Amino acid sequence: MAFVSTFRRISAGSNSLSYSPSSLVRYCSTLTSPKLFVSGLSRLTTNEKLQDAFAPFGELVDARVITDRETGRSKGFGFVTYATLEDAEKAKEGMNAKFLDGWVIFVDPARPREPRRPLEQETQSSSGSGFTTNKTIGWCK
């Protein structure tokens with residue numbers, strides 16, 4: 001879209017090709033949300049370390065390392081949310097393939113969460129009599 005309008009200006013003879021950096025980010029950005037997915041995190045990276053690493057790029061809304069429910073250890077990825085798309089784009093360019101806590105991290109746009117599928121019931125597990133089939137034991141109540 002921006003290319004077409006620029007091409008029209010050039011072909012019409014207009015020399016006004018001035019763009020502000022924020023307008024270039026808006027037209028050239030692949031981001032649709034200010035939320036970023038950060039992968040490759042060390043098990044030692046905490047929410048505070050992630051926030052400190054991404055704070056210089058703009059106004060941070062949230063920085064969260066995803067942890068295992070049972071052990072509390074980091075799963076090796078997290079999410080960073082900025083106030084604006086421009087800040088998120090600067091952070092993506094500035095932090096992608098950089099070191100954090102000794103590990104190379106990768107920053108990508110976050111995708112919407114996919115809905116979970118319900119657990120599939122086996123068609124042969126219920127006979128209608130209140131008993132179910134257990135593959136390892138046989139019949140059980």
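What follows is a chat between a visitor and a guide about a predicted model.

Visitor: Let's start with the rings. What makes Phe 37 and Phe 77 an aromatic pair, and why is the pair called tilted?

Guide: Their ring centres are 5.7 Å apart, and rings pair if the centres lie within 6.5 Å. The planes meet at 40°; stacked would need under 30 degrees and edge-to-face over 60, so tilted is the word that fits.

Visitor: Which parts of the chain does that pair link?

Guide: Phe 37 sits in strand β1 and Phe 77 in strand β3, 40 residues apart.

Visitor: And what about Phe 37 and Phe 79: why is that pair called tilted?

Guide: Here the centres are 5.6 Å apart, and the planes are at 55°. That angle is neither under 30 nor over 60 degrees, so this pair is tilted as well. Phe 37 belongs to strand β1 and Phe 79 to strand β3, so the pair ties together parts 42 residues apart in sequence.

Visitor: How many aromatic pairs turn up in the whole structure?

Guide: Three. Phe 37, Phe 77 and Phe 79 make up one aromatic cluster.

Visitor: Are those Phe residues buried or partly exposed?

Guide: Buried takes under 20% relative accessible area, and exposed takes over 50%. Phe 37 comes out at 26%, so it counts as partly exposed. Phe 77 has 24%, so Phe 77 is partly exposed too. Phe 79, at 22%, also misses the buried cut-off, so partly exposed is the label again.

Visitor: How do you know that Lys 35 lies over the face of Phe 79?

Guide: The distance to the ring centre is 4.9 Å, and the cut-off for a charge over a ring is 6 Å, along with an angle within 35 degrees of the ring normal. Lys 35 counts as lying over that face.

Visitor: On to the largest pocket. What is its volume, and which residues lie nearest its centre?

Guide: The volume is about 570 Å³. The lining has 15 residues, and those nearest the centre are Phe 37, Phe 77, Phe 79, Arg 111 and Arg 113. Two or more lining residues come from each of β1 (35–39), β2 (60–67) and β3 (74–82). Strand β3 gives the most, with three.

Visitor: What is the make-up of that lining by class?

Guide: Seven residues are nonpolar, seven are charged and one is polar.

Visitor: Why is Glu 48 called exposed?

Guide: Glu 48 has a relative accessible area of 53%, and exposed means over 50%, so the label holds. Glu 48 lies in helix α3, residues 47–54. Its C-alpha is 9.2 Å from that of Val 65, which is 17 residues away in sequence.

Visitor: What makes the phi of Ala 97 worth a remark?

Guide: Most residues other than glycine have a negative phi. Ala 97 has a positive one, near 65°. You'll find Ala 97 in the loop between α4 (85–95) and β4 (98–100). Its relative accessible area is 46%, between the two cut-offs, so Ala 97 is partly exposed.

Visitor: And where is Asp 101, and what is its phi?

Guide: Asp 101 is in the loop between β4 and β5 (103–109). Its phi is positive, about 55°, although Asp 101 is not a glycine.

Visitor: Why is Asp 101 called partly exposed?

Guide: Because its relative accessible area of 34% is neither under 20% nor over 50%.

Methods:
Residues numbered from 1 in each chain as written. Predicted model: local features only at pLDDT ≥ 70, side-chain atom pairs only at ≥ 80, totals over all residues. Heavy atoms only, no water. 1 Å grid on protein atoms, 1.4 Å probe; cavity = no way out; pocket = protein on both sides within 12 Å on 5 of 7 lines; lining within 4 Å. Points joined across faces, edges and corners; volume = space filled by probe spheres on them. Helix = DSSP H or I, 4+ residues; strand = E, 2+ residues; numbered from the N terminus. Nonpolar A, V, L, I, M, F, W, Y, C, P; charged D, E, K, R; others polar. Phe/Tyr/Trp six-rings, centres within 6.5 Å; stacked < 30°, edge-to-face > 60°. Buried < 20%, exposed > 50% of the residue type's maximum accessible area, 1.4 Å probe, protein only.
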